[in-house]
Amino acid sequence: MGELVSKYLPIPDSLIGERADLGLSKMLGLSRSQASELLAAGSVTSAGKLIGKSDRLNGQMLIEVILDEKPVGVAITSDAVADFKIIFQDDHIVVVDKPAGVVAHPSVGFDGPSVPGALLNLGVILTTSGAPERQGIVQRLDVGTSGLMVLAKSERSYSVLKQAFRDRTVKKTYHALVQGRPEPSSGTIDTPIARSQKHDYKFTISPEGKPAVTHYSTIEVLPAASLMKVGLETGRTHQIRVHFSQFRHPLVGDPLYGCDPKLANALSLGRQWLHAMQLGFAHPKSGKWVEFESEYPSDLKLALDRLGDPGFRF
């Protein structure tokens, strides 16, 4: 049992009228069951009065939550969010550097922290535009992918950015470590992607799928793997992972799409080696082009360092 700490949460407009268990889960980046446990334990109050899980939230509330310093899954204290960074924000947008292990938005079946929950814990309120669980979300990254995301803080920004992603005017650049040595060393993969009919949470190449275009070039050839620069025209779920797997060069650390587990283990890599390095777009208010850049997180750096060691074997 760690030290108990208090967290004070104002109620954002998007959660007014919601049940307390649902609202608390979104504000803290918890699963709904974890939020219910906090409420049942008497750890959540407003103006000194206990809040029940079915109570409705209102805009006048300032919720106090009593938390253990290291509760499982709580966004403000979990290890996954320790590296969560705000790269830039103004009245219209917020650009974040998302660590692996943080989901882009709350979803059924995932008990860990979310980007909106982590932002709310830092006092950042997103727009109410979008579906309730995805308000402010104009793009997403897989939970196991790290790097840059932009979110909307105003209704206009949400509308403008969503359209920019639809129009493919947003510049999205990733770095990916793939197995082997792709030939040709640069090119374009243009094959449609659809949800797999055989496996949950998996996607595949299919003529019935949605268009997906991936541009790539080789940055460096390493023992057993190659570091690639990847640009996306489209933003299909698992697009980079699916395309390189189909290309017979799956991402290192990606067992869902056929990586060699021995190589991943030798590199101490617990997720796919994929990082959203650069993000550029026209600012939704000023129209001026803005670009942001991220650095590799420690686990990806470690994997590259080990591959670069002359004595590396697996």
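Q: What is the relative accessibility of S268, which counts as partly exposed?
A: In this predicted model, local features need pLDDT of at least 70 and side-chain atom pairs count only at pLDDT 80 or more, whereas totals for chains, interfaces and linings use all residues. Residues are numbered from 1 along each chain as its sequence is written, and side-chain values use heavy atoms, with hydrogens and water left out. S268 lies in the loop between α7 (261-266) and β14; helices (H or I, at least four residues) and strands (E, at least two) are DSSP runs, numbered from the N terminus. Relative accessible area under 20% is buried, over 50% exposed and in between partly exposed (1.4 Å probe, protein chains only), and S268 falls in the last class at 41%.

Q: What is the phi of S268?
A: Most residues other than glycine have a negative phi. S268 is not a glycine, yet its phi is positive, at about 55°.

Q: Where does R168, with its positive phi, lie?
A: R168 is a residue other than glycine with phi near 65°. Its relative accessibility of 41% makes R168 partly exposed. R168 belongs to the loop between α5 (155-166) and β8.

Q: Near what value is omega for the peptide bond from E183 to P184?
A: P184 is placed in the loop between β8 (171-179) and β9 (186-190). Most peptide bonds are trans. The bond from E183 to P184 is cis, with omega near 5°.

Q: How are the axes of α1 and α2 oriented relative to each other?
A: Axes are lines fitted to C-alpha atoms, for helices over the stretch in contact, with angles from 0 to 180 degrees between N-to-C directions. Helix α1 (residues 20-28) and helix α2 (residues 32-40) pack at about 110°, their axes 8 Å apart. Angles of 65 to 115 degrees count as roughly perpendicular. The two helices are therefore roughly perpendicular.

Q: Which residue stands opposite I86 in β6?
A: Strands β5 (residues 85-89) and β6 (residues 93-98) pair in the antiparallel sense over four bridges, where pairing requires at least two DSSP bridges. They form a hairpin with three residues between them. Opposite I86 in β6 stands V96.

Q: What is the relative accessible area of H275?
A: H275 is found in strand β14 (residues 274-282). Leaving aside neighbours within four places in sequence, its contacts (heavy atoms within 4.5 Å) include D97, H175 and E295. H275 is buried, with a relative accessible area of 1%.

Technical notes. Angles under 35 degrees count as roughly parallel, over 145 as roughly antiparallel, 65 to 115 as roughly perpendicular and the rest as oblique.
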